[in-house]
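Open the model in your viewer and keep the sequence panel beside it. The tour goes from the whole chain to a single side chain.

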Amino acid sequence: MKNISKVAVLGGGGRTGKYLVKQLLKNGFSVKLLLRNPDNFTIQNSKIEIIKGDALSEESVSLLLGDCQAVINTIGQRMGEPMVASGATKNVLNAMDAYGIQRYLLLAGLNIDTPFDKKSLKTIMATDWMKTNFPEIQKDRQFTYDLLSSSKIDWTQVRVPLIVFSDESNEISVNLEDCLGDKITALDISKFLVKEMVESNYIRQSPFISAI
């Protein structure tokens with residue numbers, strides 16, 4: 001994907017999102033962040049622009065995407081709050097259509113099912129656990145995949161196992177059918193998201209990535 005200079009990021013204030021912001025900056029991109037609490041964000045860089053708002057606000061997301069050429073979403077569900085995955089993606093897709101933006105990447109868990117999966121028993125058990133214990137979150141995340149599939153944009157939904165929050169980097173596996181490892185570092189997730197944004201090897205697909 002050529003001609004990307006500014007990237008809109010949702011979830012950039014979160015634990016994985018901060019790794020992503022640093023990785024985007026390291027690779028020379030300008031970053032536009034949507035933050036509910038900008039005062040809590042400590043990364044300082046002249047290439048960072050901050051929009052105060054909420055991913056569930058259509059107006060906030062529209063302001064975020066202006067002047068951007070790609071969107072990356074690492075928002076996680078906070079307990080006790082409205083379901084965010086599908087609502088945020090609806091707003092993103094609407095704004096992308098309005099601005100003519102084509103590239104959207106987002107982070108998801110192993111529990112998302114696609115017609116192309118050949119999940120192992122271990123991955124099926126993890127998926128079923130999520131369906132049993134967090135049914136509303138599961139439904140919301142699965143609906144997000146349906147929204148992507150029905151859209152006409154170049155999306156990539158990256159599915160990950162347990163996230164380790166460290167600066168360690170490992171060789172990773174990328175697989176479209178099953179998750180082959182048990183964990184991955186936030187740094188490696190960020191590296192993959194930035195690389196995939198540019199190279200577009202998995203357009204309209206949901207790869208699993210994990211440490212080998």
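The stops below begin with the overall fold and end at one residue.

**Whole chain.** The model is predicted. Select the protein chain and colour by secondary structure: six helices and 10 strands appear. The radius of gyration is 16 Å, close to the 17 Å that the globule rule gives for 212 residues, so the chain is as compact as a globular protein of that length. Turn to the C-alpha trace, which spans about 45 × 35 × 35 Å along its principal axes.

**Surface and interior.** Switch on the accessible surface, about 10,400 Å² for the protein chain, with 51% of that area belonging to carbon and sulfur atoms. Colour by burial next: buried residues make up 52% of the 212 residues. Of the contacts with a separation of 6 or more, 69% are between residues 24 or more positions apart.

**Charges.** Select the 25 positive and 24 negative charges; their mean positions lie 3 Å apart.

**Glutamate 49.** Now select strand 3, residues 48-52, and pick out glutamate 49 within it. Is this residue buried or exposed? Glutamate 49 falls in between: its relative accessible area is 32%, so it counts as partly exposed.

Show what surrounds glutamate 49. Beyond its neighbours within four places in sequence, it is in contact with Lys6, Val31, Lys32 and Leu33. To which of these does a polar contact join its side chain? The partner is the side chain of lysine 6, at 3.3 Å.

Finally, draw a distance from the C-alpha atom of glutamate 49 to that of leucine 24: the two residues are 25 apart along the chain, and the separation is 13 Å.

Notes: Residues are numbered from 1 along each chain as its sequence is written. This is a predicted model: local features need pLDDT of at least 70, side-chain atom pairs count only at pLDDT 80 or more; totals for chains, interfaces and linings use all residues. Side-chain values use heavy atoms; hydrogens and water are left out. Helices (H or I, at least four residues) and strands (E, at least two) are DSSP runs, numbered from the N terminus. The radius of gyration is taken over C-alpha atoms; the globule rule is 2.2 Å times the number of residues to the power 0.38. Buried means under 20% relative accessible area, exposed over 50%, partly exposed in between (1.4 Å probe, protein chains only). Contact means heavy atoms within 4.5 Å. Accessible areas come from the Shrake-Rupley method with a 1.4 Å probe; for residues, only the protein chains shown count as cover. Lys and Arg count as positive and Asp and Glu as negative; His and the chain ends are not counted. The place of a charge is taken as NZ of Lys, CZ of Arg, CG of Asp or CD of Glu. A polar contact is a pair of N or O atoms within 3.5 Å; within protein, one must be able to donate a hydrogen and the other to accept it, and residues adjacent in sequence count only if both atoms are side-chain atoms.
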